[in-house]
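Here is a short set of exercises, each followed by a worked solution. Have a go at each task before reading on.

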Amino acid sequence: MVKKYLSRIYMAIIFIFLYSPIIVLAIYSFNESKSRGNWTGFSFKWYLELFQDRDIKMALYYTVSIALISAIISTILGTAAAIGINSMKGKIKSIILNINYLPVVNPDIVTGIALMILYISLNIKLGFNTMLISHIIFNTPYVILSILPKLRQLDTHMTEAAMDLGATPMYALRKVIIPEIKPGIITGFLMAFTLSIDDFIISYFTKGEGVTNLSIVIYSMARRGVRPTINALSTIMLTVVLLLMIIVNNRSNAIEKSK
Amino acid sequence: MKDRTKYFSYPYIVWMTIFIILPSFLVLLYSITSKESNGITTINFTLENYKLFFDPMYINILFDSMTLAAISTLICLILGYPAAYIISTSNISKRNTLLFLCILPMWMNMLLRTYAWMTILGNNGLINNFLEMIGFQKVNLLYTRGATVMGMVYNFIPFMILPIYTALSKMDIGLIEAADDLGADKKTIFRKIILPLSMPGVISGIIMVFMPAVSTFIIPQLLGGNKNMMIGNLIEKLFILNGDWNFGSAISIIMMIIILISMSIMNKFDVDKEGGARLW
């Protein structure tokens, strides 16, 4: 019994540690005063100002559009690549897998500077496109890595059966393989989207004039003091994520129960 | 069928060649050429950039980053292991909630969470205000090495908890019951069964915390002030402020080698090659 309470207290301490900065941010998004540290009164001021803050609105626009486009492209590129890699054999397969692993093991800062050198050497102007390409580069390996295990579990007899019954390879791919590996594809997409939204280091090295994302804006503000509008924005974003997760969770629970 | 689907990977192979192999090659090239070389015609190969790194100043920075990263990794392990254990032994519905609570903070921008610590630790921050209120002196918390370590532990501890949890949850409860029936006490069970079986998770946890910790430049910059520079800060400074790509590339290569070596050392300890809680 004592042990149970001890473990409860321990988890509570861990969660206080994990959540205290988040709670502090959320509370200060309702603070009237601009300075952090002193509380002058409750207000929705920063939430209203959020809709007029051009910098933040632009950054939010770039962050979300790059995350969405890069996640879609990496999912398509990665799914095709994973299907291809799965049917390869021997040395070539392991070489390709190892190269694919490189952006995952490499520290982000090395990937970032390597890409910066590449773009400048090839005379590609840094901007929206370079940031988008960079995000596709670091997203795709994760998509491939989340789809490959599903492909390995796939029963090859199923595709063979489909083709014996007259399905063309393309039809078999569409009707048999893709539905079977769908969970992997969805995980890959979500992972790509999340990684992209949260990325700072690679974007920092491959951004161009006038194109920023939220992380870069926060970074440039951090020294002088982050505008409370950012606090407001992140409180909204976190609430949205929380609600989405609860909805998804409830839905899957409901499906489990109805089975 | 199998042969034909092979072609599906060709676009990605081309993509990899341009965007993964070529940039890595360029970094290597910059690291072994001198600053004076411009264009292909007057390229000067040199090992000067690597030699420069062995200056005590730079070696100290490297040593310092590795120490700070190792301390953070150790703290993550000490704090994270019991948490992972508690999660894995709780009942299923509670387990999912606890896991969800561990992952949720990662959905908030990392810079913002780190920035929030500045609000808590700062000279006019919450902790100091509280200390003043109850009649104590203010303590200098922000812009110290301790703050950097705390920031790293804070940001990377989920990466320690999750793989250990995965390893523990795969463990066969029957083994523990058998040991218990045969008279082993709790300590022996932990030492002889639980710990060895969770080792793969511990190893991936250590890799997943140490790697981002040793290369980070945001956390030491925001929480550590400019006082203690880490290897990531040095690379950033060389590329963004000084424009010294050659030396910066050499340091990047050195950092890559260190990480590859530490990963292969860690993998040696990982006896169980297949069933472990790898990242993937």
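Which residues of chain A does UniProt place in the feature "domain: ABC transmembrane type-1"? The UniProt record (unreviewed entry) puts this feature at residues 60-248 of chain A. UniProt positions follow the numbering used here, feature names are shortened, and annotations may be inferred rather than shown by experiment.

Before going on, some ground rules. This is a predicted model, where local features need pLDDT of at least 70, side-chain atom pairs count only at pLDDT 80 or more, and totals for chains, interfaces and linings use all residues. Residues are numbered from 1 along each chain as its sequence is written, while chains are lettered from A and ligands numbered from 1 in the order in which they are written.

**Exercise 1. Describe the annotated spans and the build of chain A.**

Step 1: In chain A, residues 60-248 are 84% helix and 0% strand, and the end C-alpha atoms of this span lie 24 Å apart. Helices (H or I, at least four residues) and strands (E, at least two) are DSSP runs, numbered from the N terminus.

Step 2: In chain B, the UniProt annotation "domain: ABC transmembrane type-1" (unreviewed entry) covers residues 62-266. That span is 80% helix and 0% strand, with its end C-alpha atoms 20 Å apart.

Step 3: Chain A as a whole has 11 helices and zero strands. Its radius of gyration is 23 Å, well over the 18 Å that the globule rule gives for 259 residues, so chain A is more spread out than a compact globule. Here the radius is taken over C-alpha atoms, and the rule is 2.2 Å times the number of residues to the power 0.38.

Step 4: Along the principal axes, the C-alpha atoms of chain A fill a box of roughly 75 × 65 × 35 Å.

**Exercise 2. Work out how chain A meets chain B.**

Step 1: Contact means that two C-beta atoms, placed from the backbone, lie within 7 Å. By this test, 60 residues of chain A are in contact with 66 residues of chain B.

Step 2: Helix H1 (residues 2-28) of chain A gives the most to its side of the interface, with 14 residues.

Step 3: The residues on that side divide into 47 nonpolar, 11 polar and two charged. Ala, Val, Leu, Ile, Met, Phe, Trp, Tyr, Cys and Pro count as nonpolar, Asp, Glu, Lys and Arg as charged, and the others, Gly among them, as polar.

Step 4: For one residue, take Ile113(A): leaving out residues up to four places away in sequence, Ile113(A) touches Phe205(A), Val27(B), Ile235(B), Phe239(B), Gly248(B) and Ser252(B).

**Exercise 3. Compare two residues with positive phi: which is buried and which is exposed?**

Step 1: Asn123(A) has phi near 60°, a positive value in a residue other than glycine. Asn123(A) sits in the loop between helix H5 (108-121) and helix H6 (128-153) of chain A.

Step 2: Tyr143(B) also has a positive phi, near 60°, and lies in the loop between helix H7 (126-133) and helix H8 (145-169) of chain B.

Step 3: A residue is buried if 20 or more other C-beta atoms lie within 10 Å of its own, exposed if 12 or fewer, and partly exposed in between, with C-beta atoms placed from the backbone. Asn123(A) is exposed because 6 other C-beta atoms lie within 10 Å. Tyr143(B) counts as buried because it has 20 C-beta neighbours inside 10 Å.
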